[in-house]
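Good morning. I will take a few minutes to go through one structure with you. Please have the sequence and the model open while I talk.

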Amino acid sequence: MAEGSKDNSNYQLKAVIDIGSASIRMVIAQIHDDGTFQTLDSLNQSVAIGSDTFTRGRISRATIEECVKVLRNFSAVLGEFNINLRTDVRAVATSAVREARNRDEFLDRVYMATDINVEVIEGAEVNRLTFLGIRPVLQTNAALRQGSLLVAEVGGGSTEFLGLVDGRVAFAHTYRMGAYRLRETMDAQQGSAARRRELLEMVV
C-alpha cells in the first residue's frame with residue numbers, strides 16, 4: 001500500500017516553523033507510526049529579520065509586524081489541515097532572533113497575535129538537530145561512519161561545525177558568521193574590491 005494511502009489511524013499531522021535570518025519557513029508532514037513521513041505542504045516567505053539584528057542589534061517594529069502577518073497566513077493553512085497550534089506545531093527561531101536585544105518583545109508580540117509559541121534555540125540545540133538531520137545518511141552510508149567527518153551547516157547568521165569520528169560526535173562549534181551576516185558586512189565595507197576580497201579570505 002502506498003505511504004500516502006495508509007489508514008488515518010496510523011499517522012499524525014505535525015508542522016515545523018523555522019524563523020531564520022532571511023525567511024520564515026513551514027513544513028507540514030504526515031508522520032506514520034513506523035517513523036516514516038510524507039511532506040504535505042511547504043511554505044517559504046522572505047522576511048529580512050537578519051538585516052535588522054545584524055546591523056542595528058534589534059528587530060524593528062515594522063519587521064515584527066511583517067513576521068506576524070506571515071505567521072497569521074501560516075496559521076490559516078494549519079487550520080485547513082486541522083493542526084493544533086499548541087500540541088502539533090514546533091516553531092523555532094535561530095540567530096537573528098536569538099541575538100536581538102528585543103527578542104522578548106518579538107516573542108510576546110508573535111504569541112499574542114498568532115497563538116504560536118516560538119522557541120529560541122541555542123547553538124547546542126542547533127547542533128543536535130543538525131546531527132539528527134544527517135543521521136539517516138550516516139545509517140545508509142557505511143563509508144561516512146568510518147574515520148573522521150566534518151559537517152558544516154551555513155545559515156544566515158551563524159555557521160555550525162560538527163566533527164564526527166566513526167559516526168559519533170567528537171566536537172561541535174557554532175560561529176557567529178553566516179551567509180546573510182557576511183553579505184551585510186561586505187555591503188557595509190568601504191574600500192576597494194581587493195579590500196573586500198581580503199575580508200572574505202580572513203573569514204574563510
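Helices and strands here are runs assigned by DSSP, at least four residues for a helix and at least two for a strand, and they are numbered from the N terminus. What you see is a predicted model.

First, the overall count. The protein has 7 helices and 8 strands. Of its 204 residues, 38% are buried. The accessible surface comes to about 11,800 Å², and carbon and sulfur atoms contribute 50% of that. Now take the contacts in the protein with a separation of 6 or more: 53% of them join residues 24 or more positions apart.

Next, one residue. Where is Gly35 found? Gly35 sits in the loop between β2, residues 23–32, and β3, residues 37–46. Is Gly35 buried or exposed? A residue is called exposed when its relative accessibility is over 50%. Gly35 has 56%, so Gly35 counts as exposed. Gly35 and Tyr11 are 24 residues apart in sequence, and their C-alpha atoms are 9.3 Å apart in space.

Now to helix α5, residues 123–140. How far should its 18 residues span? At 1.5 Å a residue, the expected span is 26 Å, and the end C-alpha atoms are 27 Å apart, so the two values agree. The helix has a kink of about 40° at Ile134, shortly before the proline Pro136. Ile134 is also one of the buried residues of α5, and the others include Val126, Phe131 and Leu138. What do the buried residues of α5 pack against? Their partners are β4 (89–93), α3 (95–98), β6 (148–154), β7 (159–165) and β8 (168–175).

Three of those partners bring us to a sheet. Strands of a sheet pair through backbone hydrogen bonds, either parallel or antiparallel. Here 3 strands form an open sheet in the order β6-β7-β8, with antiparallel pairing. β6 and β8 are at the edges with a single partner strand each, so one side of each has no neighbour in the sheet. From one strand to the next, the twist averages 15°.

Look at β7 and β8 in particular. These two strands pair in the antiparallel sense over 7 bridges. Across that pair, Leu164 stands opposite Val169 in β8. Helix α5 packs on this sheet and touches β6, β7 and β8, and the direction of α5 makes about 50° with that of β7.

That is the end of my part.

Definitions and conventions
Residues numbered from 1 in each chain as written. Predicted model: local features only at pLDDT ≥ 70, side-chain atom pairs only at ≥ 80, totals over all residues. Heavy atoms only, no water. Buried < 20%, exposed > 50% of the residue type's maximum accessible area, 1.4 Å probe, protein only. Contact = heavy atoms within 4.5 Å. Areas by Shrake-Rupley, 256 points an atom, 1.4 Å probe, with all protein chains shown as cover. Expected span 1.5 Å × (residues − 1). Bend = angle between axes of the 7 residues up to and from the residue. Pairing = 2+ DSSP bridges. Axes fitted to C-alpha atoms, helices over the stretch in contact; angles between N-to-C directions.
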